[in-house]
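Work through the exercises below with the model open. Try each task before reading its solution.

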Amino acid sequence: MILSTVQRRGAWLLYYIFLAALLAANSFGYLDPDFGWHLKVGETIARERSVPSEQLYMWSLGEAHWVDHEWLSNLITYGLWSLGGYVAVSVFFILLPLISLALINRYVFNNYLHKTREQVAFACFGTAALFACLPHFGVRMQEFSFLFFSILLIIIDQYRRTLNLKNIYWLIPLLFVWACTHGSFLIGVATVLGWIFYELLFKRRETNKFIFLIGALAIAATLATPYGLKLYSFLSDYGTNRYYLSHIEEWRSPYSHSIRYDQIIYTLISFTLMLGAWLFSKQRWPLWQFLILMALLAAATRSVRHFPLLAVGTLLFALPNPLSNLLNKTLPYSKMLNNLLIVCLFLASLGLVAQSKFTKNPFQSYCQNFPCGAVQFLRDKAEYSSLKLFNDYGWGGYLIAARPEQKVFIDGRLPQYPFAGHTMLEEYSEFFKIGNSEKKLDEYGIELIMFKSKEKPFEPDWIERFVLGKEYKTRFNPLIEFLKNSQRWKVIYSDETATLYARVN
């Protein structure tokens, strides 16, 4: 039965409403630990009308040189906050992945999947990819990389299909804006470089000299940011020291605790379909697509933070051909199935909206995870305002916005900053080595400590326990144990979330 245009458009409209509701429930479900410093830095940029060159929020680093590789993202965030508060900020960051998926769908449907049943199946994979990406979405600057990487791969693939040079001119403004919004533009630069060398080595065309020129101009555009070469030198610390990969949760492998089953399963299914289509349909697979997918797989296997980019690659390169072959003569799409899909999407959207915890004040709505009570206590006790504070790493960004008058020891901006012969994050870790806490506290003259009241234990699931042999472990914190048993420190405030310790004179 042939569906009318209204029926098809109605189903797709509800599909995107469902995705928006899913993203909204996720966005309002938690507060990104770095949101506070993003907001504060954006405010500083708007007030001073210049990008920051010195860090102003960590007393431990003084006025050390700093490059804000997300300066435009921070400025946009503050501008939205000024106009409509946290709701406006959240709506914007809901739209970023939504627009990304819409662009991917439009490109794939126009060029690869033309039948409704193929498009619906592809939309199911897009939804699965979005579910697996949710921990990386919300009010988070890396959503820009999801959008820009989608556009980058579409531009390159469109050129591969049409050999129209006009398409790749867009690489120049794309890489420039990307370099102003997020440090992941380096992945975009690497992708463009890899593509240029691929074209020069494997595709001997007359247009190669223009590709080389445009690619070079696009990469050169990243040097036109306010920081120029300093942007590259600052980000190079992430490549020379890999300590953060094993000590910051979102940078760890998907196979470390806790295992990201959704990402692993999505990746396995996508690559199985791709390899199956290549082996059994004997269809020639574009080498460029295969190479970029292997590079993305290696990056996502190393760190879950790169999974959203792998999701983009699989949606654009790994899935269209297999789905077209598999669904060519199967799974008919009827009017009844379309109506059922509409009902399911409508009910699912209502359910997601109903369970969403919308808030206008993020700094008071997530107190189960952040030290709201401790911050209020410090506001009421002026005698503690001038003390040197040592804080939990995950609370640094929150404290920068919630209590800007008191600088922190560390926050999420500069874990890789060279410090004390290694990195700032490694120096922070020194405080938690057995027998080291007292020495480090004295070394820095720390007088006030704000830390979690309870350490969350690692609880392996049944696969981790019985298959991988991981055990239930209560996290041991040598610093907190020292403070509890020391006569030189006392508790001045404590609640379910945070405890404040002050040095006894």
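The exercises go from the whole chain to one strand and then to one residue; the model is a predicted one.

**Exercise 1. Overall form**

Task: Decide whether the radius of gyration of the protein chain agrees or disagrees with that of a compact globule.

Solution:
- Start with the expectation. For 505 residues, a compact globule would have a radius of gyration near 23 Å.
- Compare the chain. Its value is 25 Å, which agrees.
- Add the extents. Along the principal axes, the C-alpha atoms fill a box of roughly 80 × 55 × 50 Å.
- Count the elements. The chain holds 24 helices and six strands.
- Check burial. Of the 505 residues, 54% count as buried.
- Turn to contacts. Among those with a separation of 6 or more, 74% link residues 24 or more positions apart.

**Exercise 2. Surface and charge**

Task: State what share of the exposed area carbon and sulfur atoms supply, and how far apart the centres of the positive and negative side chains lie.

Solution:
- Take the area. The protein chain exposes about 23,600 Å².
- Assign the share. Carbon and sulfur atoms supply 62% of that area.
- Count the charges. There are 48 positive and 37 negative side chains.
- Locate the centres. The two sets have centres 11 Å apart.

**Exercise 3. Strand E6**

Task: Find which strands pair with E6, and explain why E6 counts as largely enclosed.

Solution:
- Place the strand. E6 spans residues 498-503.
- Find one partner. E4 (residues 448-452) runs antiparallel to E6, with five bridges.
- Find another. E5 (residues 489-494) is also antiparallel to E6, again over five bridges.
- Trace the connection. A hairpin of three residues leads from E5 to E6.
- Look at Ala-502. Leu-448 stands opposite Ala-502, and so does Lys-490.
- Split the side chains. Ala-498, Leu-500 and Ala-502 point one way, while Thr-499, Tyr-501 and Arg-503 point the other way.
- Conclude. Six of the six residues are buried, so E6 is largely enclosed by the rest of the structure.

**Exercise 4. Phe-109**

Task: Is Phe-109 buried or exposed, and which residues beyond its sequence neighbours does Phe-109 contact?

Solution:
- Locate the residue. Phe-109 belongs to helix H3 (residues 71-111).
- Apply the cut-off. Buried means under 20% relative accessible area.
- Classify. Phe-109 has 12% relative accessibility, so Phe-109 counts as buried.
- List the contacts. Neighbours within four places aside, these are Trp-12, His-114, Gln-119 and Phe-122.
- Take one distance. Phe-122 lies 13 residues from Phe-109 along the chain, and their C-alpha atoms are separated by 9.1 Å.

Notes: Residues numbered from 1 in each chain as written. Predicted model: local features only at pLDDT ≥ 70, side-chain atom pairs only at ≥ 80, totals over all residues. Heavy atoms only, no water. Helix = DSSP H or I, 4+ residues; strand = E, 2+ residues; numbered from the N terminus. Buried < 20%, exposed > 50% of the residue type's maximum accessible area, 1.4 Å probe, protein only. Contact = heavy atoms within 4.5 Å. Rg over C-alpha atoms; globule rule 2.2 N^0.38 Å. Areas by Shrake-Rupley, 256 points an atom, 1.4 Å probe, with all protein chains shown as cover. Lys, Arg positive; Asp, Glu negative; His and termini not counted. Charge placed at Lys NZ, Arg CZ, Asp CG, Glu CD. Pairing = 2+ DSSP bridges.
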